[in-house]
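Work through the exercises below with the sequence and the model side by side. Try each task on your own before you read its solution.

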Amino acid sequence: MAVHAHPDDESSKGAATMARYVAEGVEVLVVTCTGGERGDILNPAMDRPEVKADIGKVREQEMARARAILGVQQRWLGFVDSGFPEGDPLPPLPEGCFALEPLEKAAEPLVAAVREFRPHVMLTYDENGGYPHPDHIKCHEVSVEAFEAAGDPDRYPGAGEPWQPLKLYYHMTFTKDRIVALDAAMKAAGLESPYADWLKRFDDQPPRWEVTTRVPCADHFETRDQALLAHATQIDPNGFWFAVPLDVQREAWPTEDYHLARSLVDTELPEDDLFAGVREKVSL
């Protein structure tokens, strides 16, 4: 189960991993917390009045195409996008948005989804949300709450029969090591790297979370990109996401990376499989 804040997040974080496991016969469920109703249109070709007027429905249709490409199941939790506040001081978040929901109210439908789907492994963001979007931070909070509560019959008693997932991971998609490797690979290939400004934003502080798990999934990068392109309001086909050729990516960084945040099974780090330790404990 991969828990994400908005439609398109599942395609930009962990999509090739999911496609790999789907190809191996694993059931994968994407849980999308909000409808992305307050998202900006980031593709100039889709910046049209009729799209803006019905952005929630458009993003729902984009999600349907992306999940079909990835081969995953998908469920909406039904919360309202909080938007990304900007300014100094920051404006207040809109009333009724996901980020302002009390934790137990926001987590209960996810607990119910966990108990119904019965995942062995859950994926989510770290406590900073990967980047500090209020919906991403809330997504982290409800994911941790659901992981810890779903197996307890005394918590959320109206949300189904208890089920305890065995491992919880944080996405580590945009690490400095990965960006440095891709930047070097582009320069070695005689190509212009898109990462110059990005590299300036990294400081010398060690990362908050170490990468514990690198999942080889380079054979599924093309599927990932097709799923990204399905989110046409959010992804410019001529933009940053596609600046590095796939063959360069496969050679320089053929994995998607994670931090193992919780585990109820024995596993040896580093890992190359999200189901390490799980395969020995249960029959997948």
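**Exercise 1: the strands at the start of the chain**

Ala2 stands opposite Val30 in β2. This is a predicted model, in which local features need pLDDT of at least 70 and side-chain atom pairs count only at pLDDT 80 or more, while totals for chains, interfaces and linings use all residues. Residues are numbered from 1 along each chain as its sequence is written, and side-chain values use heavy atoms, with hydrogens and water left out.

Task: find which strands pair with β2, and in which sense.

Solution. Begin with the terms: helices (H or I, at least four residues) and strands (E, at least two) are DSSP runs, numbered from the N terminus, and two strands pair if DSSP finds at least two bridges between them. Next, take strand β1, residues 2–4, which runs parallel to β2 and is joined to it by three bridges. Then turn to β3, which pairs with β2 in the parallel sense over five bridges; here Val31 has Arg75 in β3 as its bridge partner. Finally, consider how covered β2 is, where buried means under 20% relative accessible area, exposed over 50%, and partly exposed in between (1.4 Å probe, protein chains only). Six of the six residues of β2 are buried, and the strand is mostly covered.

**Exercise 2: the nonpolar cores**

Task: state how many residues the largest nonpolar core has, and which element gives the most to it.

Solution. A nonpolar core is a set of buried Ala, Val, Leu, Ile, Met, Phe, Trp, Tyr and Cys residues joined through side-chain atoms within 4.5 Å. The largest such core has 32 residues, and those with the most contacts inside it are Met1, Val3, Val31, Leu110, Val114 and Met122. The elements that give two or more residues to this core are β2 (29–34), β3 (73–79), α5 (103–117), α6 (134–149) and β5 (167–171). Of these, α5 gives the most, with seven residues. To see one member in detail, take Val114 and count as a contact heavy atoms within 4.5 Å: leaving aside neighbours within four places in sequence, Val114 is in contact with Met1, Pro119, Met122, Ala146, Ala150, Trp163 and Pro165. Apart from this core lies another, of 25 residues, among them Ala15, Val28, Tyr169 and Val265.

**Exercise 3: His259 and its strand**

Task: decide whether His259 is buried or exposed, and describe the surroundings of this residue and its strand.

Solution. First locate His259, which lies in strand β7, residues 255–263. Its relative accessibility is 9%, and therefore His259 counts as buried. Next look for a polar partner, where a polar contact is a pair of N or O atoms within 3.5 Å; within protein, one must be able to donate a hydrogen and the other to accept it, and residues adjacent in sequence count only if both atoms are side-chain atoms. The side chain of His259 reaches the backbone oxygen of Glu210 at 2.8 Å. With neighbours within four places in sequence set aside, His259 is in contact with Leu168, Tyr169, Tyr170, Met172, Trp209, Glu210 and Thr212. Then widen the view to the strand: β5 and β7 pair in the antiparallel sense over five bridges, and Tyr169 has Leu260 in β7 as its bridge partner. Strand β6, residues 213–216, also pairs with β7 in the antiparallel sense, over four bridges, and Arg214 stands opposite Asp257 in β7.

**Exercise 4: an enclosed helix**

Task: explain why helix α9 is described as largely enclosed by the rest of the structure.

Solution. Helix α9 covers residues 221–230, and seven of its 10 residues are buried, so the helix is largely enclosed. The buried ones are Phe221, Thr223, Arg224, Asp225, Ala227, Leu228 and Ala230. They pack against α1 (9–12), α2 (15–23), α4 (55–70), α10 (246–252) and β7.

**Exercise 5: unusual backbone places**

Task: say where the cis peptide bonds at Pro89 and Pro270 lie.

Solution. Start with the bond that joins Asp88 and Pro89, which is cis with omega about 5 degrees; Pro89 is in the loop between β3 and α5. Then take the cis bond that joins Leu269 and Pro270, with omega about 0 degrees; Pro270 lies in the loop between β7 and α11 (278–281).
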